[in-house]
Amino acid sequence: MSASLLDPDFIRRLARLRLLVRRRFAGTAGGARRSTRRGASVEFADHRAYAPGDDIRRIDWNAYARLEELVLRLYVAEEDLTVYLMLDRSASMAVGEPSKLDVAKRLAAALAYIGLTGSERVSVVPFGAGADRPLPPTRGQRRVGHVLKYLDAIEPSGETSLRKTVDEFLARRPRPGLVIVLGDMLDPDGWTRPLDRLLSEKHEPVIFHVLASEEVEPPAGGDFAFVDSERGKRVEVSLDRRARQAYLARLDAFVDALEGYAKKRGMSYVRAFGELSLEDALLSYLRAS
Amino acid sequence: MTFLAPYQLLWLGLLVPLVVLYVLKRRRQQRVVGSTLLWEQALRDLRAERPWKKLSPQVSLLLQALIIIAGAVALARPAGAGRAPQGSRLALVVDVSVSMAAREGGSSRIERAAAIGADLARGLPPGGEMMIVEASGEPVVRAPFERDATALERALGELEARGARSDLEAAVSLAAERLQGSPEGSRVVVLTDAAIDGTLAIDAHGVPVDVQRVGSGALPNSAIVDADARARVGELDRADLFARVAHHGPRAADLYVTATLGGREGAIASRRVRVEPGAMESVVMAVDLPPDAAGRSPVVELRISPAEGSEPDALPEDDLAVVPSPGRRKLPVFLVGTPPASVERVVRADPLTEVFRTDLDRLAERDEDADPLEGLFVYTGDVPGDPPAGDSVVIAPAGERVFELAVGEEVSHPRILTWDEADPRLRFTPLQDVHLASLRPLEGPAARSLVTTSAGVAIASVRRSDGETTVLGFDPSRSDWPAQPSFVVFFRNLLERARERRAAGGVPAGTLGEPLRIPAPDGAEVSVETPSGEALEAIGRGGLAVVPVPAEPGVFAVRVEGVPRFALRSLLDAHESDLSPRLEVTEGGEAAQGAVDEADEHAESWPWVAGLLLLLILLEVLWASRPSERRRAL
């Protein structure tokens, strides 16, 4: 099952990549990430005045020679990063060939792999109408199989509410980290408020926008009764040229709005649909780091 | 507004497949999508861009439905309202002759006339009034001038065709007379099928007259125009049935003429006859007419019906004729007292009589109510104070009064001056050579004079509620009349008349729809059951109960205070059975053909064109809704 999510070639390409993080986070253990804390890495961060009890090995003697004051050299601490893979598993993710959920799970698997091999802590938070019981943060390359198995077991069902999901997620007071939202973002409750809340709680949201090919390229014509997979709502559409154009215009506006919002708030937005394969989409995001 | 061809409204049935086609056309392929959010927004955008888009399919359906409705209504030939004369006062004359009962397109001509009349009533201008005159044998005002359209429609609804020929001229004159002095714009409107022989000379004293024809024109119709049943001489209970059959129509008709007995199952005779258009054929059938257990022979019913392949009949009212059966047992003749030998000899010489001798005392002892005598009573001299019901003859009355007649003093050698040759009793009875030795002249308001002498009435007829009495104010044996043939003929006529009246049930036979004039004592309860089973009731007044009856041919079962009788009604009128329009209208002595509305004539070809149009529309719908077309359009 896990093999279906990550094939060996793809894993090889992922091995050289790291997750892109725009912010710094305070980790719980030493890791490969710059932390907001000062630590013992080789990267200089700042000076401060010496106080009794400080490690005299960190006194900057050159500065003392110039200033005749004892100051300590401070270095950037490198700690681990917590990556939350917030995976939409609502019923709408079941559509498409392959289904949007499958695509999202493969992306999540790849991201989890990169995170675990990069000494990050990885947590998986599946959500529908609310946050499901998450996979607690875990670290270490040995845990890759465990995470993939967890991802593989996720099935689509129910409605979507990112707002409720984020509310419930934040209610557990998680350590700030990289929150990668993987879903179609077609949420009747909207997505701006939950993403804003994540930002306000010092998280760094990343959007992996997954859409099915039939959502990007609707049928060329016909009389259809589209049934909403989550709400059951029925919308009758005679798909002529005008109707198709109106839909595509709405889709573009939706994607542009999401992308613009992310750009405005310094988030990463990744299109996991259209002409790019999901590997290309993922690699384009990772290479940016 | 009325429809001259309402059956064409059946085209409206095309609406059903049209709607079904639309339902089928709108069938959608159901598809589950992740979310319909974007589709909802897109559709909102489209509606905002083109607010009529949602309506467009319904507009198309509505337009096509309207095309069908308009086509069907056009085929149904709406008429009437558009031609309605708008006048301050309107006198509507409706022809109610039996030809107006002819049915075409599901309704009768008189129903159409009533519908046109109703349109006129509804279209009256403010303050306008309308009256309705029924043009039957005599014009009858069915509704006086009235503003209430509902009341007028009710009166129109009560109109029904009758057998009597319409006297349109009299009806128009009556209507014009009532319109004298009416405001300008008032007029007479005549609604007739014009199936009347002759000319309608309009003399309306300056009042405008519109003659509108009801009905599309000539209709095929076959009819019995004459019928009779005659006993075969020397053969008891055998009779010859005569029927004269006419046919009007474009093609010859093969008809069955079938004879049945009223109240009995099965035909007693039937003949097939072919009648050319406009021609008449006679049919004679020899049949057995045995009397029933009570000695009464049933009524003979003659009916025509089209043979296979012949076109249907537009007027069923003239397909049945009822005639009294001649096959009754011999006429009982009760000789009360001692009649002159010459009279008794003539009566006994008739092979179809049974003679009984009796006297006043024995007659008085009988319980007439329990066991009524039925036959002809011949009184000589005295007459009982309470004579039994039935026809009677009184010879040389003894008292001063007899059957409401005053009997005068005896006059010697009166000279016969006149006699009523039209009376059936005096057929073939020349009396100019008859000499009477004496006469007691007869007088009385209820008497009808049959023979008049220089001294007064010698023979009179008295019509009573329970019979007819012929009174001879003299003793034939004291004249030279018994030596002459007219004497025998007169008494044989009397016997034949009594026999006919008995066979006809005691109620004079009449034409279709003619009210029954039933002899009945004052205050007597009379009930009538029509051939279709409708029950009617009346009370005897002035010796008669007049019962208006519907225009149904057949036997009307009558009961006068429980005593059963019957009355016969048949059309038997060759002119009324001809349904073709032929009335000529003249105004001021000049032909005014244009006055008869001929607009209804143009009904032969355009309905087919309109039908073709409807068919093409249907094909268009089918074509537009076929699947390949849909795919191509998308």
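**Exercise 1.** Describe the contact between chain A and chain B in this predicted model, beginning with how many residues of each chain take part.

*Solution.* Start with the residues: 37 residues of chain A are in contact with 26 residues of chain B. Next, consider the area, for the two chains bury about 2,900 Å² between them, and 61% of this lies on carbon and sulfur atoms. Then turn to the polar side of the interface, where 13 residue pairs, both at pLDDT 80 or more, are in polar contact. The side of chain A that touches chain B draws at least two residues from each of α8 (213–216), β8 (222–228), β9 (234–239) and α9 (241–264). Sorted by class, this side of chain A has 18 nonpolar, 5 polar and 14 charged residues.

**Exercise 2.** Find how many salt bridges link chain A and chain B, and examine the one formed by B:Glu40.

*Solution.* The count between the two chains is 3 salt bridges. In the one formed by B:Glu40, the partner is A:Arg231, and the closest N and O atoms are 3.1 Å apart, which falls within the 4 Å cut-off for a salt bridge.

**Exercise 3.** Work out which strand of chain B is joined to β8(A), and in which direction the two run.

*Solution.* Strand β2 of chain B, residues 29–33, is joined to β8(A) by 5 bridges, and the two strands run parallel. Within this pairing, A:Phe224 has B:Gln29 as its bridge partner.

**Exercise 4.** Explain why strand β10 of chain A is described as largely enclosed, and identify a strand joined to it.

*Solution.* Of the 5 residues of β10(A), which spans residues 268–272, 4 are buried, and therefore the strand is largely enclosed by the rest of the structure. Strand β7 of chain A, residues 204–210, is joined to β10(A) by 5 bridges and runs parallel to it, with A:Ile207 standing opposite A:Tyr269.

Terms used. Residues numbered from 1 in each chain as written. Chains lettered and ligands numbered in written order. Predicted model: local features only at pLDDT ≥ 70, side-chain atom pairs only at ≥ 80, totals over all residues. Heavy atoms only, no water. Contact = heavy atoms within 4.5 Å. Buried area = accessible area lost by both parts, 1.4 Å probe. Salt bridge = Lys/Arg side-chain N within 4 Å of Asp/Glu carboxyl O. Polar contact = N/O pair within 3.5 Å; in protein donor to acceptor, adjacent residues only side chain to side chain. Helix = DSSP H or I, 4+ residues; strand = E, 2+ residues; numbered from the N terminus. Nonpolar A, V, L, I, M, F, W, Y, C, P; charged D, E, K, R; others polar. Pairing = 2+ DSSP bridges. Buried < 20%, exposed > 50% of the residue type's maximum accessible area, 1.4 Å probe, protein only.
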